[in-house]
Amino acid sequence: MYEKSYPSKRFKYTLQFLQKHISTSESILDLGVPNPFSSIMKHNGYTVSNTKGEDLDLDISTIKNSKTEVVTAFEIFEHLLSPFTILRSIEANKLVASVPLKLWFSSAYRSKTDDLDRHYHEFEDWQFDWLLEKAGWKIIERQKWTNPTKKIGIRPILRLFTPRYYIVYAERV
């Protein structure tokens, strides 16, 4: 189900978490352009629409005009300058969102080939919780998992037991 080039552990855990909290009868707006995980959601019976590639820091019209029951945001908030604005503008009452956690032994991600592919934020779990709460969301459940690599070295060893991904299910207060 998960192609070898995709992060299969992350996608597997994300799908399990989504299935635990969101019914396939609920419509989803997935923040970001169509992607491998939005295809996985559709393959598993979810009705999913995506934002159109607009800069969500500047244009939240798709989010504001969405009539979906759920918003998902998988590894998107770290790319935005102002995730608070987006979180406040969501009209849906349910949110499933994941972010990469800040790693003390590694600097924030920045692509060497794509100037737009960078992390403005890498959160600690408490920071993301606070952002959600301040934006009007109540966290119902949260999970973390690691992201081991097949490389050799100190950082790959640390990645074996240091959580890298954080996912939450939240409801509008």
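## A guided tour, starting at aspartate 129

Select aspartate 129 to begin: with a relative accessibility of 12%, this residue counts as buried (under 20% relative accessible area is buried, over 50% exposed, and anything in between partly exposed, using a 1.4 Å probe and protein chains only). Before moving on, note that this is a predicted model, in which local features need pLDDT of at least 70 and side-chain atom pairs count only at pLDDT 80 or more, while totals for chains, interfaces and linings use all residues. Residues are numbered from 1 along each chain as its sequence is written, and side-chain values use heavy atoms, with hydrogens and water left out.

**Salt bridges**

Now add arginine 142, whose side chain meets that of aspartate 129 in a salt bridge of 3.4 Å, N to O (a side-chain nitrogen of Lys or Arg within 4 Å of a carboxyl oxygen of Asp or Glu). Arginine 142 sits in strand S5 and aspartate 129 in helix H5, so the pair ties together parts 13 residues apart in sequence. Helices (H or I, at least four residues) and strands (E, at least two) are DSSP runs, numbered from the N terminus. Unlike its buried partner, arginine 142 is partly exposed at 41%.

The count of salt bridges comes to 7. For another, pick lysine 64 and glutamate 91, where the closest N and O atoms are 3.2 Å apart. This pair links distant parts of the chain, with lysine 64 in helix H3 (residues 61-65) and glutamate 91 in the loop between H4 and S4, 27 residues apart. Lysine 64 is partly exposed at 38% relative accessible area, and glutamate 91 is partly exposed at 46%.

Next, select glutamate 75 and arginine 10, a salt bridge with its closest N and O atoms 3.2 Å apart. Here glutamate 75 lies in the loop between S3 and H4, and arginine 10 in helix H1 (residues 8-21), 65 residues away along the chain. Both glutamate 75 and arginine 10 are buried.

**From glutamate 75 to serine 98**

Which side chain joins that of glutamate 75 in a polar contact of 2.6 Å? Select serine 98 (a polar contact is a pair of N or O atoms within 3.5 Å; within protein, one must be able to donate a hydrogen and the other to accept it, and residues adjacent in sequence count only if both atoms are side-chain atoms). Serine 98 is in strand S4 (residues 94-100) and is buried, at 0% relative accessible area. Leaving aside neighbours within four places in sequence, its contacts (heavy atoms within 4.5 Å) include Phe74, Tyr166 and Ile167.

**The nonpolar cores**

Select Leu31, Phe77, Leu87 and Phe128 together: they have the most contacts inside the largest nonpolar core, which has 27 residues (buried Ala, Val, Leu, Ile, Met, Phe, Trp, Tyr and Cys joined through side-chain atoms within 4.5 Å). Strand S3 (70-74), helix H4 (83-89), S4, helix H5 (125-134), strand S5 (137-146) and S6 each supply at least two of its residues. Zoom in on phenylalanine 77, which touches Pro83, Ala97 and His121, among others more than four places away in sequence. Apart from this core lies another, of 18 residues, among them Phe11, Ile40, Tyr46 and Val70.

**Last stop: threonine 162**

Finish at threonine 162, in the loop between helix H6 (154-161) and strand S6 (163-172). Is threonine 162 buried or exposed? Threonine 162 is buried, with a relative accessible area of 13%. A polar atom of its side chain lies 2.8 Å from the backbone oxygen of leucine 158. Show threonine 146 too: its C-alpha atom is 5.8 Å from that of threonine 162, though they are 16 residues apart along the chain.
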